[in-house]
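Student: I have a model open and would like to learn how to read it. Can we go through one part together?

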Amino acid sequence: MALAGSAGRLDFTRRTMIGQVTGLPWALILLLVLMGVIGLATLYSATYTNPEEVGLPAKQAVRLAAAFVILIAAGLVPLRWWLLLAWPAYAATLIMLIGVELFGFVRGGAQRWLQIGPIGVQPSEFMKVTATLALAAYYHKRLNDYSGGFLIHIPALLIIAVPAAYIFRQPDFGTTLALFASGGVLIFLAGLWWRVITTFLVAAIVSVPLIYSFVLQDYQRERVDTYVAQLTGESVNVMDDGYQIHNAKIAIGSGGLTGKGYMEGTQAQLDYIPEQHTDFILTVIAEENGFLATSGLLILWMIILGLGLMIAMRAKSLFGQFAAAGAAATVAFYILFNVAMVLGLVPVVGVPLPLLSYGGTVMLTTAACFGVICAVHLGKDEALAA
Amino acid sequence: MSLQRPIDSLFTRRAMIAAGVGGGLFAGLIGRLYQLQILEHERYDVLADENGVKLELAPPKRGQILDRFGRPLAAHRQAGRVSIIQEQAGNVAERLRDVARLIDLPQARQERILEKVRREARFRKVTVLDELTYEDFAKMSLRAPDLPGIVVEMGSTRSYPRGRDFAHVLGYVARASQTDLDRLSEGSTPDERAAIRRLFKHPDMRTGRSGVERFAEEWLRGQAGFRKLETNAAGRIIREFDAPELAPKPGQDLHLTVDAELQRKAIERFGDESGAAVVMDIESGDILAFVSTPAFDPNDFVNGISQADYDLLRFNDRSPLYHKAYDGTYPPGSTYKMVVATAALEAGVIDPEERIYCPGHYRFGRNTWHCWKRGGHGPVNMHEAIKQSCDVYFYEVSRRLGIERLAEVGKKFGFGQRWELGLTGGRSGVVPNDAWKREARGEPWFEGETLNIGIGQGQMSTSPLQLALMTARIAAEGRVITPKIIGNGPRPEADIPMDAALDPEHMQRMKAAMFGVTSEGGGTALRSGDLGLGGPRLAGKTGTAQVRRISAAERASGNIRGGDEIDRKLRDHALFVAYAPHDDPKYAISVIVEHGEGGSRTAAPIARDIMAEAMRLNSRARPVYTQVASTGGGITGGSLE
């Protein structure tokens, strides 16, 4: 793949190492660091009363530091290398996904984990990044000479649907949905006709009851049921997911405008919310810091994602545009799903909140996504050959 | 790069739309946040407070039962207990398997618990295992934090530190059955009924099933309260609020008049014999020992006794479940002769010095009655007749008296009525007369039957308690004595107030004769007169109760058997009544040895030894409850131990 038409006076300084580092989107990175620190502080508050969880913030801090190293390292990888790597990475992740089906082990009721050496990995999480890159690479090649046909989106859909099918079978409903959502965003950005979009939306609405009856497994169906029950105000069974949502709402609602104070949340401290340090970490923030801080946190995320999208729009290459937009969309759907779930708007699907929830996998995915965005920022003037 | 492809503008346009939609979604989330945190804040704030605070029903501590010297007879025992709360446990079966990995919990029991959990409300505690060993309790306490819904706590249960000694007096407590609940909530409003039901569901709660435990239920129970707890989601208690206004009010302690040490010695003295003994303080009527042996261990009943163990007790031919001293009625045999003699003196049908010739038998109508001594006693006056227990003398005297006058004096002594002590059970026995027989048998009294009553046999039946009371009244020279066993506690209402005083002069005669029995030549219990205390002697009277086929105890057990046991069954009961010291009576005693044959041979030595023990222990010494009461303070369970 040849480098085409990127000669300019600034290019020389950009290519030195120091030039590269200073060229990173530091505003974005600093906002991410701020988010990570907020996450650590919240995690400390959520775990300090439970003797079994005291070690978690330190562990998370190490992960956070490692994530930023990975982010910057990934950001410094030239964009053309990312383009080169997109297809092999996608293929490797797909093989791992199939491996999960063959050799994976079960954790938390679903088969999602693959043991590689000493660490357990979730290929489905990697797939969010590699599928985005593969889509970006695909559209980079196909749209360079824009022909605007409808059929070019069919292979794009397959790039998403094949791994999604495996992930759905694990079963991991949340990741499947996230994959389709961020992939869908890319297909939308690639100019899918509005009439197709409209048709699809109508079909989706029609298919909801069909999916419910014939596709979902019992435990998934129960989750949907509890969701509907609490939306319509029926008395929820105070167990399992209904219990979780119920207590999450109590914690959030009791936080009020300004919250009960850092480390003062009664619900969080009394373990009323299962998984409060992972998927339900937002309840701790909402209870202890109140509406102002929590909505501020969401606005902070909007700014971060907005910056990511701006980087995408400024990129010259289609790959850069799609990769950055896809990365931002991936992170955005994490946040949207998680917050909507914690606020009782969508069923509990088990999606963590990036940089805030305790856990390694989502941290790695987030770091990779923003690494790609940084790489796009550095390589925004490169017009990569198709 | 100046080339502007159509895709570039399209991408920008679409990206702006995507950003707009995304921003809209985020704004929606913030809106929802606003709804929960601002608009519905107050509602959730209340819920949050409720989430952590829980009122847990706290059962009252049941009052102790103590002896007259403050020794505990019924007390509390702390025992570890594992329970499960379905609401917090998630998968109950899985949680039980977790527990079974730590402590012994057989599959069958797990299934029983599962069944119980299914029937119980989701938020209620269901007992998994009671009475944990120390090791199991330690193990469970350590691991419980990892097992949601599993609660390990110290429960308080009833314990009877003296085991069998007071089984029949104390009775026992058990978990309230439906029958108990119906009885306990009799005459209550529906609300009270529900409260009682709730309270007795608590695993620590027991209710008295028999004995003092049942009689004094209200006194002992106390009032339920609440514990105000802050709990986390797993139901684990984070802290307990200090809420004295909610605390349960413990039940009151109750003192019995008995001396636990004397009771112990008396039971030991019986050895393998089965029988009953009652020791009474002549001055106060306090029952100092109330023995019925063999007995059951009330501790076995506290957590429910197995059917197999219960059957062992029920079908035991020595009737350990049966309170022989209170519920048992036996013909008094010759111990009744003082009553007959008193009746004769009161009616003036004989001069005490008049001698009646005993040839060894007595003819009346067409029948012949025998004296226990085949060769006869020769001419005997009243004193000698009692001392030697001459039957012929009493055939003649009772014939002269007639059954009505005999029965009247028998009632004066306290026979034929149930003495309310504050225990369950208690029988009146029978003092037969014409009216009684017409009622019970539908036929008139035959004069010949009077002769049997004259020597304490026939239809005559008395309880050991009544015999002790009779003896006490003779020793007290006719003074009215009311027996009691509850020293400090709810006061039992006497069924029939006893106000029939007896003539002291007649009683002195009886005393002299009873002294003769144990201390003069020809006395039937000469060998048992010496208490071995170097001075004071015993005065008493032997008796033998004819056993027709079935002993009273056997009849009561409802299990009448034959075969190889029949030999023992046919033997007579041995009786002995006595008071001591002979010159200044303080204690009265009655002893019955079931199938012990001769009163002088088996019952008298036992009575003598128990009496000696009572005097050695000074069992009638002032009880602690009167001492405490005199200082004006409340009664508490002081202990001498």
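Student: In S22 of chain B, what is the bridge partner of B:Ala580?

Tutor: Keep in mind that this is a predicted model. The partner of B:Ala580 is B:Tyr587. That pair belongs to a longer contact: seven bridges join S21 (residues 573–580) to S22 (residues 587–593) in chain B. The two strands run antiparallel.

Student: Which order do the strands of the sheet take in chain B?

Tutor: Read across the sheet, strand by strand. The order is S14-S13-S22-S21-S20 in chain B. These five strands form an open sheet with antiparallel pairing. An edge strand pairs on one side only; here the edges are S14 (287–293) and S20 (539–545) of chain B. From one strand to the next, the twist averages 5°.

Student: Which helix packs on the sheet and touches S13, S14, S20, S21 and S22 of chain B?

Tutor: That is H25 (residues 599–617) of chain B. Its direction makes about 35° with that of S21(B). Another helix, H12 (residues 260–270) of chain B, lies across S13 (275–281) and S14. H12(B) runs at about 35° to S14(B).

Student: Why is H12(B) largely enclosed by the rest of the structure?

Tutor: Count its buried residues. Burial here takes 20 or more other C-beta atoms within 10 Å of a residue's own. Eight of the eleven residues of H12(B) are buried, so the helix is largely enclosed. Among them are B:Leu262, B:Ile267 and B:Arg269.

Student: What covers the buried residues of H12(B)?

Tutor: The cover includes S3 (72–85), S13, S14 and H25 of chain B. Now look just after H12(B): B:Gly271 has a positive phi of about 60°.

Notes
Residues numbered from 1 in each chain as written. Chains lettered and ligands numbered in written order. Predicted model: local features only at pLDDT ≥ 70, side-chain atom pairs only at ≥ 80, totals over all residues. Pairing = 2+ DSSP bridges. Helix = DSSP H or I, 4+ residues; strand = E, 2+ residues; numbered from the N terminus. Axes fitted to C-alpha atoms, helices over the stretch in contact; angles between N-to-C directions. Contact = placed C-beta atoms within 7 Å. Buried ≥ 20, exposed ≤ 12 C-beta atoms within 10 Å, placed from the backbone.
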